[in-house]
Every structure is written in C-alpha cells, then in structure tokens.
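Below is a colleague's note on this structure, set out as numbered points. Please read each point with the sequence and the coordinates open.

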Amino acid sequence: MHAVQEKPMTEVGPLEYKPRKSRIGAWIGGVMFAGAFIALSFSLGARTEGGGTVQPADHAAMIGLGLIGGAIILWFLRLRVRADENGIEVRNFAATHRLPWGVVTAISVPERVQWATLELADDEEIAIMAIQMTDKERAVAAVKHLRALLEQSRR
C-alpha cells in the first residue's frame, strides 16, 4: 500500500457565492405572488357580497400588496458570501457582517441546520445563509473553499 503524499496547499483565490435553488425559488415565488394579487384585483367585481362597492383604490391596493409581497420574497436574492485572503463578508436578510479571518475560529455545517455557520473567537456564531445544503455539491465546495481560505490566513 502506498502512502498518499500531501501536496503543499497552493494559494486559494477569492470566493463569491450565492445560493442557486433559493434564488430560483425566490424568482418564481415573487413573480407568482405578485401575479396572483394583480389577477385577483382585476377579478374583483363591482360589488361585494355584503353590498359594498369595489373602488379603483381597492384595485390599486391589491396590486400594491402583491408588489410588496413579491418584493419581500425577492429579498432572498440578497443572500451572498464573499471571502478573500483578508476576511469574509456575509450578507444575510437583515445584516451584513464583514470580519477579518483573525476572529473566525471555524466554518461548520451543524446537523439539522440548512446553512453553514461561522464560529467566532468570542463564542458567537453567524449563519451563512447563502451556503444552503439544498445546493448540495455547490454548498460543499463553497464550505471547503472557505475553510481553505481560513487555513491560508493562519499561515
């Protein structure tokens, strides 16, 4: 049996990663949600069952609700992670975190969690919602790339 010789790690390049399946789902869901409300606004009759009337403002409000709901669903397109030799930037729904590699202790994928996690030196964790396990091999490759960047920063 031959021993596998480890090759010295070469420099790892920067990474920019966006989820694939949730982006597709966001586009489909956002367009369908907005389209359903727009169609519903045009299908309203002139009178309600209670005898009230449907005004143009009611149609506009239904369209507005559909567009707002569709935009909220499209917020999934915001998810991203960028990393290079200097540090990592994680953009989730509500916040963007820019961290130097010195404060990152590990990159993990906890069981029963749908995305990767940054473990920080102060025992905090930050979810990397862009790296979702539904993307399978792409997600695994992204985690490996981030771990290689982390390891490279420690040399």
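Helices (H or I, at least four residues) and strands (E, at least two) are taken as DSSP runs and numbered from the N terminus. The model discussed here is predicted.

1. Helix α1 and its nonpolar patch. Helix α1 covers residues 21–43, and Ile28 lies within it. Together with Ile24 and Met32, Ile28 forms a nonpolar patch on the surface, the three residues having about 310 Å² of accessible area together. Ile28 has a relative accessible area of 47% and therefore counts as partly exposed.

2. The salt bridge between Glu16 and Arg82. The structure holds 4 salt bridges, and one of them pairs Glu16 with Arg82, with the closest N and O atoms 3.4 Å apart. This pair links distant parts of the chain, since Glu16 belongs to strand β1 (residues 15–17) and Arg82 to strand β2 (residues 80–83), 66 residues apart. Both partners are partly exposed, Glu16 at 46% relative accessibility and Arg82 at 35%.

3. Glu89 and Arg98. A salt bridge also joins the side chains of Glu89 and Arg98, at 3.2 Å from N to O. The two ends of this bridge deserve separate descriptions: Glu89 is buried, with a relative accessible area of 14%, whereas Arg98 is exposed at 62% relative accessibility.

4. Asp135, Arg138 and the shared network. The side chains of Asp135 and Arg138 meet in a salt bridge as well, with 3.7 Å between N and O. Asp135 is buried, its relative accessible area being 7%, while Arg138, at 28% relative accessibility, is partly exposed. Elsewhere, salt bridges with shared partners join Arg80, Glu89 and Arg98 into one network.

5. The setting of Arg80. Which side of the burial cut-off does Arg80 fall on, buried or exposed? Buried means under 20% relative accessible area, and Arg80, at 8% relative accessibility, is therefore counted as buried. Arg80 is placed in strand β2. Leaving out residues up to four places away in sequence, Arg80 touches Glu16, Tyr17, Lys18, Glu89, Val90, Arg91 and Ala130. The contact list thus includes Glu89, which is also a member of the salt-bridge network with Arg80 and Arg98.

6. Ile128 in strand β7. Ile128 lies in strand β7 and, at 0% relative accessibility, is buried. Which residues does Ile128 contact, once its neighbours within four places in sequence are left aside? The contacts are Val81, Val90, Asn92, Ile107, Trp115, Ala116, Thr117, Leu118 and Leu146. For one of these partners a backbone distance can be added: Ile128 and Ala116 are 12 residues apart in sequence, and their C-alpha atoms are 5.2 Å apart in space.

7. Gln132 in strand β7. Strand β7 covers residues 125–132, and Gln132 is found in it. Gln132 is a buried residue, at 11% relative accessibility. Not counting residues up to four places away in sequence, Gln132 touches Pro19, Ser22, Leu79, Gln114, Trp115 and Ala139. Trp115 is listed among the contacts of Gln132 and also among those of Ile128.

8. The negative surface patch. Asp122, Asp123, Glu124 and Glu125 form a negative patch on the surface. Glu124 is placed in the loop between β6 (115–120) and β7, and at 44% relative accessibility Glu124 is partly exposed.

9. Backbone angles to check. Where in the structure does Arg112 lie? Arg112 is found in the loop between β5 (104–108) and β6, and although Arg112 is not a glycine, its phi is positive, at about 65°. Arg112 is exposed, with a relative accessible area of 81%. Lys136 likewise has a positive phi without being a glycine, the value being near 45°. Lys136 is found in the loop between β7 and α3 (137–153) and counts as exposed at 51% relative accessibility. The cut-off matters for this last label: exposed means over 50% relative accessible area, so Lys136 at 51% is assigned to the exposed class.

Conventions. Residues are numbered from 1 along each chain as its sequence is written. This is a predicted model: local features need pLDDT of at least 70, side-chain atom pairs count only at pLDDT 80 or more; totals for chains, interfaces and linings use all residues. Side-chain values use heavy atoms; hydrogens and water are left out. Buried means under 20% relative accessible area, exposed over 50%, partly exposed in between (1.4 Å probe, protein chains only). Contact means heavy atoms within 4.5 Å. Patches are made of residues with over 30% relative accessible area and no salt bridge: like charges are joined within 9 Å, nonpolar side chains (Val, Leu, Ile, Met, Phe, Trp, Tyr) within 5 Å. Accessible areas come from the Shrake-Rupley method with a 1.4 Å probe; for residues, only the protein chains shown count as cover. Lys and Arg count as positive and Asp and Glu as negative; His and the chain ends are not counted. The place of a charge is taken as NZ of Lys, CZ of Arg, CG of Asp or CD of Glu.
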